[in-house]
Structure formats: C-alpha cells, structure tokens
Amino acid sequence: MRRLFEKLGVPVLEGNVLVVALVLAVGHLLLIAWAAIRLQINVPTCVVSDPTLLEPSFQQVEEDRYQVNVVASMWKFEPATIRVPVGTTLDVFLSSRDVIHGYFIKDTTLNLMAIPGAIGNAQIRFDEPGEYPVFCHEYCGSGHHLMMGNIEVVAGLETAVAVGIRSPGEAAPPEVAFSPMAEAGKAVSLKYGCVACHSLDGTKLVGPTFQGIWGREETLVDGTVITVDEDYLHESILQPNAKIVKGYLPNMMPPLPIPEEEVQQMIAYLREFSTQAK
Ligand code: CUA
C-alpha cells in the first residue's frame, strides 16, 4: 500500500485516511444492498418531481397491488383510511403540502418522511388481516398528535377503497357553492383547525365527523338522543363539554371563546356543507 502511495505521490497519512473513507463508503452501500436484498427491508426511495403524485389518489396497478398517493398536511393524511384485501402489496407515494411530516404504519417496516417538494416511496405487503394505524412521527405543530390514519386489511374483501378518494372514471362531485356567510365559516374552521379533529369525509377522528352533521341524530353520553341543530352547534362550539356525543369521551375539545359572528358563520358553513356536499 505504502509503495502505491509513493507511486501516486500521496503522503502516507493522507493515503491511509483515504483508504479508510473508501472502505466505510463501500461498506455502507453494501449494507444497504444487503438490507434490501437479503433482509427484504424496504429501502425508501425518493422519486423526483412527478406532479401526478402530488394529488391524493388510489388505484389498482396489478392483481393484489395498489398504488396510493398520500398527501400529508397539517394535520391529516389524504387519504386517511385505506381498506385492502389480505395479500395486497401497497405502493405508497408520500408528499407534503406544508411542513415535514412522517408516515409510519404500525407493526410494519414502512416508515417515510413527507418532505415538502419531495416524494417518498416504499412498498409494503400485508399478509395478516387487521388494523394498521398510521402515525405522523415528525413534530409538525399543535395538531401533530392528532395526525393519524388507518389501514384496514380485510380477508375476502372484494373492492379495495381509500375513503374520500374517487376511483378513476368516477364522476367528480358537483362543485359546492357556499353563501358568503358559509364561506366565512369555512375560513373560521380552518383558522381554528377544526378539521384536524372533525373529518369532512365521514372518517372517525377525535371528534364527530362534519359530514352530514346538520340534522343528524346523536346519542349523548347520558343516553339522551338529540338532533344536531343551530342551538346544539352553538352550544357545542362555545362549550364543547356541555353535551358530549357517545363514544367521544373524554372530551378533547377546548372551549372556543370566539366572537358570536364567527360562531354564526361556522353554523352556516356546517349547515350548507352537510346538506349540499354528500
Ligand atoms: Cu404531521 Cu406530525
């Protein structure tokens, strides 16, 4: 080795350092290859800029193989809930609309980071039926701990679905036109982060879904049945603890001491959203 260094005109110390660095670099690559090939561990890859991957979607690509494009944003995954048959290989493409998020499917080796401007990709095969919760594992703000999803692996399932995602060819839902009052209410709901806990697509999160909330009958924790109307919403926005819907104990919602005007706007939004958008 020393002779080789002399021939190349490299001082011995520098030469040794170079050799060590080279061995470490090659060893690192070999370990990655070993993990991917022998241990069958998913080595996450980064896919470069394909705008079609930045929109939430779900589709079958082969028999037993589905592709899902998950978009992370504060504080939700779209789609959040995915239902697939046992034996499915899920090809996950992950992107972020705002800050850095994580996507970890519990009890699996699939663990990706959602980095704004980049697309993460990994595959996972589900051979065991069950529920696989998904967590955001990068701290992303006050709603971080609420950022969850779920993958349901069902034996004998005929049609795989991603809740809230249209399948290709399915007609787009009609555009919903809100009144100015309801538009303002929508902005209020974003301002206070309501949708972090109340889904718009029927998914059960920390609080009851906003989908179809207006006029819905709810059973409260004390057994009384109420119909969601203006009075109920008004009270629940200001004092969430007053009447809690069964299944949502303990109450996680803080009281919102917000101006009456905003309360009215929120109510208008919830009424129009749940009666127009189905
Ligand atoms: Cu998203 Cu933590």
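# Pairing, burial and backbone angles

Modeller: 6 bridges join strand 10 to strand 11 (residues 148-154), and the two run antiparallel. This is a predicted model, in which local features need pLDDT of at least 70 and side-chain atom pairs count only at pLDDT 80 or more, while totals for chains, interfaces and linings use all residues. Residues are numbered from 1 along each chain as its sequence is written, and side-chain values use heavy atoms, with hydrogens and water left out.

Colleague: What makes strand 10 and strand 11 a pair, and which residue in strand 11 is the bridge partner of E131?

Modeller: Two strands pair if DSSP finds at least two bridges between them, a strand being a DSSP run of E at least two residues long and a helix a run of H or I of at least four, numbered from the N terminus. Strand 10 and strand 11 have 6 bridges, so they meet that rule. The partner of E131 in strand 11 is E152, and F135 has M148 as its bridge partner there.

Colleague: How do you know that strand 7 pairs with strand 10?

Modeller: Strand 7 (residues 101-105) and strand 10 (residues 130-135) run antiparallel and are joined by 2 bridges, and because the rule asks for at least two, they count as a pair. One position here is F104, which stands opposite F135 in strand 10.

Colleague: Why is one side of strand 8 and of strand 12 left without a neighbour in the sheet?

Modeller: The sheet is open, with 6 strands in the order 8-7-10-11-5-12 and mixed pairing. Strand 8 (111-114) and strand 12 (161-162) stand at its edges with a single partner strand each, and therefore one side of each has no neighbour in the sheet.

Colleague: How many disulfides does a search of the whole structure find, and why do C194 and C197 not form one?

Modeller: The search finds 0. A disulfide here needs two cysteine sulfur atoms within 2.5 Å, whereas the closest cysteine sulfur to that of C194 belongs to C197 and lies 8.6 Å away, so the two are too far apart for a bond.

Colleague: Is C194 called buried or exposed, and why?

Modeller: Buried means under 20% relative accessible area, exposed over 50%, and partly exposed in between (1.4 Å probe, protein chains only). C194 has 14%, and therefore falls in the buried class.

Colleague: How does T88 stand against the same classes, and what does T88 contact?

Modeller: T88, in strand 6 (residues 88-96), has 0% relative accessibility and so counts as buried. Contact means heavy atoms within 4.5 Å, and beyond its neighbours within four places in sequence T88 is in contact with D64, Y66, I124, R125 and F126. In addition, a polar atom of the T88 side chain lies 2.7 Å from the backbone oxygen of P85.

Colleague: What is unusual about phi of D64, and why is D64 called partly exposed?

Modeller: Most residues other than glycine have a negative phi, and most peptide bonds are trans. In D64, which is found in the loop between strand 2 (57-62) and strand 3, phi is near 65 degrees and thus positive. D64 is partly exposed because its relative accessibility is 43%. Phi of D107 is likewise near 65 degrees; D107 is in the loop between strand 7 and strand 8, and its relative accessible area of 59% makes it exposed.

Colleague: Which peptide bonds are cis?

Modeller: One cis bond joins M74 and W75, with omega about -10 degrees, and W75 lies in the loop between strand 3 (65-73) and strand 4 (76-78). Another joins E78 and P79, again with omega about -10 degrees, and P79 is found in the loop between strand 4 and strand 5 (81-85).

Colleague: Why is E235 called partly exposed, and which residues does E235 touch?

Modeller: E235, found in helix 4 (residues 230-238), has 25% relative accessibility, so it counts as partly exposed. Not counting residues up to four places away in sequence, E235 touches P240, A242 and K243. V263 is 28 residues from E235 in sequence, with a C-alpha to C-alpha distance of 9.6 Å.

Colleague: Why is L18 called exposed, and where is L18 found?

Modeller: L18 is found in helix 2 (residues 12-37), and its relative accessible area of 54% puts it over the limit, so it is exposed. The C-alpha atoms of L18 and A72 are separated by 42 Å, the two residues being 54 residues apart along the chain.

Conventions: A polar contact is a pair of N or O atoms within 3.5 Å; within protein, one must be able to donate a hydrogen and the other to accept it, and residues adjacent in sequence count only if both atoms are side-chain atoms.
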